[in-house]
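Trainee: Hi! Could you walk me through this one while I have it open on my screen?
Mentor: Happy to. Go ahead and ask whatever comes to mind.

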Amino acid sequence: MCRWFAYLSNSEQCLLEDVLINPAHSLAHQVSEHYLPGLLHHEPDEDRKATEKEIALRNVLFNADGLGVVWYTMARAEYGECEGPRPAKYKVLRQPLTDPIFRSICENTSTLAVFAHIRAASGETAITEVNCHPFTYGRWTFMHNGVVAHFTKIKRHVMNVTSHEAMQLVKGTTDSEHLGALFFTYLEEDKGAQSWESSHPLADVKLALEKAISKIIEIQKEVIPADKLEASSLNLAVTDGEQLLTIRFRNHATQHPPSLYYSTKAGVTLNRKYPGHPDQQGKDNGKQNLKAEEEHGRHVIVASEPSTFHAPDWHLIPKNECIMVGRDMEVRHEKVNVQF
């Protein structure tokens with residue numbers, strides 16, 4: 001499966017190099033390395049070997065099929081072209097640590113909101129830049145880790161229930177991007193045409209995403225024989241640059257989705273302005289400490305794997321749970337309201 005990283009703050013910018021490259025277990029290193037605290041004993045099956053096999057199946061892979069990063073900037077708003085932040089993006093098929101453009105962007109870009117993703121292609125989807133996450137729809141950004149089961153068999157049915165306007169935003173062939181377009185179709189129904197150009201309450205965003213997931217499951221049941229029907233893993237993240245919603249979901253009674261963690265503290269050691277080190281407790285990052293730890297702004301990180309090794313700073317998101325972060329940076333937990 002893929003790996004992704006999301007950072008959001010209402011006051012504390014992060015330097016992309018600090019969060020995506022420098023730590024020993026940054027997203028750039030998760031192409032081939034994994035760190036999964038708490039996962040091995042999280043809701044284990046009766047058979048421990050079956051649990052370990054399932055964890056490996058959905059987490060321990062090479063993620064070498066493309067990189068994408070989206071960061072939010074106020075540039076267009078400052079020129080009077082829009083309200084609020086808008087996403088800038090870079091995608092490439094090269095490995096993160098060997099791509100000089102990615103390194104240059106990260107060395108010189110800070111932001112209040114970033115989504116980054118490394119891909120392990122699934123199914124029959126092509127390994128091309130347009131299929132790299134994250135995907136942008138107006139001011140919104142969407143990314144996914146997992147798989148929509150039987151997507152090649154249900155793709156036409158999904159397109160038939162997706163609005164014409166949302167389908168025009170789809171550039172690639174992945175299950176993820178089509179799921180994103182279906183999500184925005186339901187947001188359109190409630191908020192009107194081109195709803196992706198505006199910000200919306202997270203409760204409405206959650207409802208639209210739940211409708212999209214429910215429709216996917218409904219179509220799968222209609223098209224795939226019951227004895228061949230497989231579950232889908234849907235670890236999803238969506239942001240408008242000021243709010244964040246993530247879901248860790250799998251529609252199976254006992255099987256679990258890929259790993260997904262959140263932290264409201266790790267951003268301190270992921271910022272060279274502050275004391276601490278992402279790789280070792282009690283060690284400094286070697287940079288000039290410009291600020292004290294308590295001065296760091298409120299923030300939330302959600303990631304497939306922790307990018308710092310202080311495990312108490314990270315919390316494994318329970319199966320089929322949603323995390324919503326508003327402009328006040330309060331973390332709200334809710335169950336995913338999808339029947340299966």
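Trainee: How many aromatic pairs turn up in a search of the whole structure?
Mentor: Five of them. Keep in mind that this is a predicted model.

Trainee: Why is the pair of Phe183 and Phe184 called tilted?
Mentor: The ring centres are 4.5 Å apart and the planes meet at 50°, so the pair counts as tilted. Planes under 30 degrees apart would be stacked and those over 60 edge-to-face, with the rest called tilted.

Trainee: Are Phe183 and Phe184 buried or exposed?
Mentor: Both residues are buried. For Phe184 the relative accessibility is 0%, which is why this residue counts as buried.

Trainee: What kind of pair do Phe184 and Trp196 form?
Mentor: That one is edge-to-face, with 6.2 Å from centre to centre and 90° between the planes. The pair links distant parts of the chain. Phe184 sits in helix 7, which covers residues 175-191, while Trp196 is in the loop between helix 7 and helix 8 (202-223). The two residues are 12 apart in the chain.

Trainee: And Trp196, buried or exposed?
Mentor: Buried, because its relative accessible area is 3% and the cut-off for buried is under 20%.

Trainee: Which residues do the ring pairs link into a cluster?
Mentor: The cluster holds Tyr137, Phe142, Phe183, Phe184 and Trp196.

Trainee: OK, switching to the sheets. What is the strand order in the sheet of seven strands?
Mentor: The order is 4-3-6-1-12-11-13, in an open sheet with antiparallel pairing. Its edges are strand 4 (86-92) and strand 13 (315-316), and each of those pairs on one side only.

Trainee: How many bridges join strand 3 to strand 4?
Mentor: Seven, and the two strands run antiparallel. Strand 3 spans residues 67-73. If you want a spot to click on, try Thr73: its bridge partner in strand 4 is Arg86.

Trainee: What about the sheet of six strands, what's the order there?
Mentor: There you go along 7-8-9-10-14-15, again an open sheet, with antiparallel pairing. Strand 7 (135-137) and strand 15 (331-335) are the edge strands, each pairing on one side only. On average, neighbouring strands of this sheet are turned by 15° against each other, with direction ignored.

Trainee: How many bridges pair strand 10 with strand 14?
Mentor: Five, in the antiparallel sense. Strand 10 is residues 244-250 and strand 14 is residues 321-325. Within that pairing, Arg248 has Glu321 of strand 14 as its bridge partner.

Trainee: Now the backbone. Which residues does the cis peptide bond join?
Mentor: His133 and Pro134, with omega about -10°. Pro134 lies in the loop between strand 6 (113-118) and strand 7. As background, most peptide bonds are trans, and most residues other than glycine have a negative phi.

Trainee: Speaking of phi, what is the value at Asn320?
Mentor: Near 60°, so positive in a residue that is not glycine. You'll find Asn320 in the loop between strand 13 and strand 14. Its relative accessibility is 14%, so Asn320 counts as buried.

Trainee: Where does Met329 lie?
Mentor: In the loop between strand 14 and strand 15. Met329 also has a positive phi, about 70°, although it is not a glycine. At 3% relative accessibility, Met329 counts as buried.

Trainee: Let's talk about empty space. How much lies in the second largest pocket?
Mentor: About 340 Å³. The pocket is lined by 19 residues, and the closest to its centre are Thr269, Gln281, Glu293, His310 and Asp313.

Trainee: How does the lining of that second largest pocket split by class?
Mentor: Four residues are nonpolar, 10 are polar and five are charged.

Trainee: And how many cavities of 30 Å³ or more are there?
Mentor: Two. The second largest cavity has about 30 Å³ of space.

Trainee: Which residues line the second largest cavity?
Mentor: Leu20, Leu27, Ala28, Leu67, Pro96, Phe102, Ala116 and Ile118. By class, that lining is eight nonpolar residues, with no polar and no charged ones.

Trainee: Great, thanks! I'll go and find those in the viewer.

Conventions: Residues numbered from 1 in each chain as written. Predicted model: local features only at pLDDT ≥ 70, side-chain atom pairs only at ≥ 80, totals over all residues. Heavy atoms only, no water. 1 Å grid on protein atoms, 1.4 Å probe; cavity = no way out; pocket = protein on both sides within 12 Å on 5 of 7 lines; lining within 4 Å. Points joined across faces, edges and corners; volume = space filled by probe spheres on them. Nonpolar A, V, L, I, M, F, W, Y, C, P; charged D, E, K, R; others polar. Phe/Tyr/Trp six-rings, centres within 6.5 Å; stacked < 30°, edge-to-face > 60°. Buried < 20%, exposed > 50% of the residue type's maximum accessible area, 1.4 Å probe, protein only. Helix = DSSP H or I, 4+ residues; strand = E, 2+ residues; numbered from the N terminus. Pairing = 2+ DSSP bridges. Axes fitted to C-alpha atoms, helices over the stretch in contact; angles between N-to-C directions.
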